[in-house]
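Thanks for coming, everyone. Let me put the structure up, and then we'll walk through it.

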Amino acid sequence: MIATADDHRWMARALELAERGLFTTTPNPRVGCVIVRDGECVGEGWHVRAGEPHAEVHALAMAGEAARGATAYVTLEPCSHHGRTPPCAEALVRAGVTRVVAAMQDPNPLVAGRGLALLREAGIETFAGVLEAEARELNIGFVSRMTRGRPWLRLKAAATLDGKTALDNGVSQWITGDDARRDAHRWRARSCAVLTGIGTVRDDDPQLNVRAVPTERQPLRVVVDARLDTPLNAKLLDGGPVLIAAATDDSARIAALRHRGADVVVLPNQGGKVDLPALLAELGRRGINEVLAESGFKLNGSLLREGCVDELVLYLAPSLVGDAARGLFNLPALSSLANKRQLAFRDVRMVGRDLRIVARPT
């Protein structure tokens with residue numbers, strides 16, 4: 001079967017709807033659905049948040065009896081299992097749709113083809129793969145958690161054009177302009193967690209919450225703090241969920257941080273530091289799909305060296321501060337350019353007066 005121009009048109013609309021749940025659906029995927037009959041949209045919907053009806057349910061409710069004989073366009077294979085809501089595949093069967101087009105198969109092992117199989121067994125024509133790349137990008141964190149057992153980690157940093165993130169004395173506010181900082185808050189808002197290091201907590205005392213864009217959900221704040229040095233008066237401990245990842249099991253210090261509302265996990269590696277891959281696995285177990293790392297050059301380098309970085313979001317300001325300032329990544333010196341870390345640019349654009357580069361390790 002070959003997808004038609006109309007298939008692409010309606011799936012593009014379903015993806016637009018799915019994106020409306022960009023900030024709210026975690027830990028569930030972002031899903032949109034459009035019901036089309038005789039070339040006209042008769043129902044549409046999107047998944048808003050976990051525990052509430054899925055996109056197909058909203059679209060079918062809007063379509064009513066017009067769903068009979070219609071085609072359903074869904075950005076993710078309809079679920080076939082009983083979770084917090086009933087299976088959407090069964091709802092589509094009951095509604096009498098005759099064709100279901102999915103952008104991609106669900107990577108969740110509980111579904112993974114079973115939803116489409118259930119539809120086919122009921123005599124419904126199915127087709128998957130329409131705008132699949134776009135659907136995967138929209139749910140890249142969910143796909144990562146389902147297939148790798150760990151979230152998708154973006155490393156965000158702001159630097160001058162000569163690659164410096166702070167002066168030698170630690171001053172870093174503000175390298176970029178208001179537009180870039182507002183844009184960075186959108187990345188925070190779509191993330192399930194924001195990760196930083198104890199150095200950033202001590203130097204900047206950040207809140208690490210979403211302020212510059214409207215959102216009803218705040219991400220989990222995660223601090224990599226090997227020795228449990230997080231100050232008990234740190235701003236990020238004032239409301240909202242916080243997870244401290246440590247390498248030392250200091251019961252008194254852990255009790256004090258928990259009294260301030262923080263959760264603490266002890267994940268040491270052989271070097272006495274926090275085991276970063278183990279931390280990502282722990283976040284995956286907690287249902288975290290996307291992580292935004294906003295840390296200093298030391299933790300930035302560690303995340304890169306240990307293979308934890310899936311994507312870079314770099315803001316470059318049109319300014320120079322000189323060689324003595326702090327760089328982006330604490331990485332070992334190379335003796336050959338053959339050993340350089342290769343990246344692929346995914347997006348390059350101006351954000352206000354600054355340049356934003358989105359790149360991924362190849």
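How many cavities of 30 Å³ or more does the count come to? One. Keep in mind that this is a predicted model.

Let's start with that cavity. The largest cavity holds about 50 Å³ of space. Its lining is made up of 14 residues. Nearest its centre are Asn28, Arg30, Asn139, Asn289 and Glu290. What is the character of the residues in the lining? Five are nonpolar, six are polar and three are charged. Helix 6 gives the most to this lining, with three residues.

Now, where does the cavity lie with respect to the domains? The chain is divided into domain 1, residues 5–142, and domain 2, residues 151–361. Both domains give residues to the lining of the largest cavity, so it lies between them.

A word on how the two domains sit. Their centres, taken over C-alpha atoms, are separated by 34 Å. Domain 1 puts 13 residues into the contact, and domain 2 puts in 16 residues.

Next, the sheet. It is an open one of nine strands, with mixed pairing. Reading across, the order is 11-10-9-8-12-6-13-16-15. Which strands stand at the edges? Strand 11, residues 263–266, and strand 15, residues 343–351. Each has a single partner strand, so one side of each is left without a neighbour in the sheet. On average, neighbouring strands of this sheet are turned by 20 degrees against each other, direction ignored.

Look at one pair inside that order. Strand 6 covers residues 152–160, and strand 12 covers residues 290–293. In what sense do they pair, parallel or antiparallel? Parallel, over four bridges. One bridge to find on screen: Leu153 has Val291 in strand 12 as its partner.

Two helices go with these strands. Helix 7, residues 178–190, packs on the sheet. Among the strands that helix 7 touches are strand 6, strand 8 and strand 12. Helix 7 also touches strand 13, strand 15 and strand 16. The direction of helix 7 makes about 165 degrees with that of strand 13.

The other is helix 6, residues 140–148. Helix 6 lies across strand 6, strand 12 and strand 16, and runs at about 130 degrees to strand 6. That brings us back to the cavity, where helix 6 gives three residues to the lining.

That's the tour. Over to you.

Note on methods. Residues numbered from 1 in each chain as written. Predicted model: local features only at pLDDT ≥ 70, side-chain atom pairs only at ≥ 80, totals over all residues. Heavy atoms only, no water. Pairing = 2+ DSSP bridges. Axes fitted to C-alpha atoms, helices over the stretch in contact; angles between N-to-C directions. Contact = heavy atoms within 4.5 Å. 1 Å grid on protein atoms, 1.4 Å probe; cavity = no way out; pocket = protein on both sides within 12 Å on 5 of 7 lines; lining within 4 Å. Points joined across faces, edges and corners; volume = space filled by probe spheres on them. Nonpolar A, V, L, I, M, F, W, Y, C, P; charged D, E, K, R; others polar. Domains from an automatic or database assignment.
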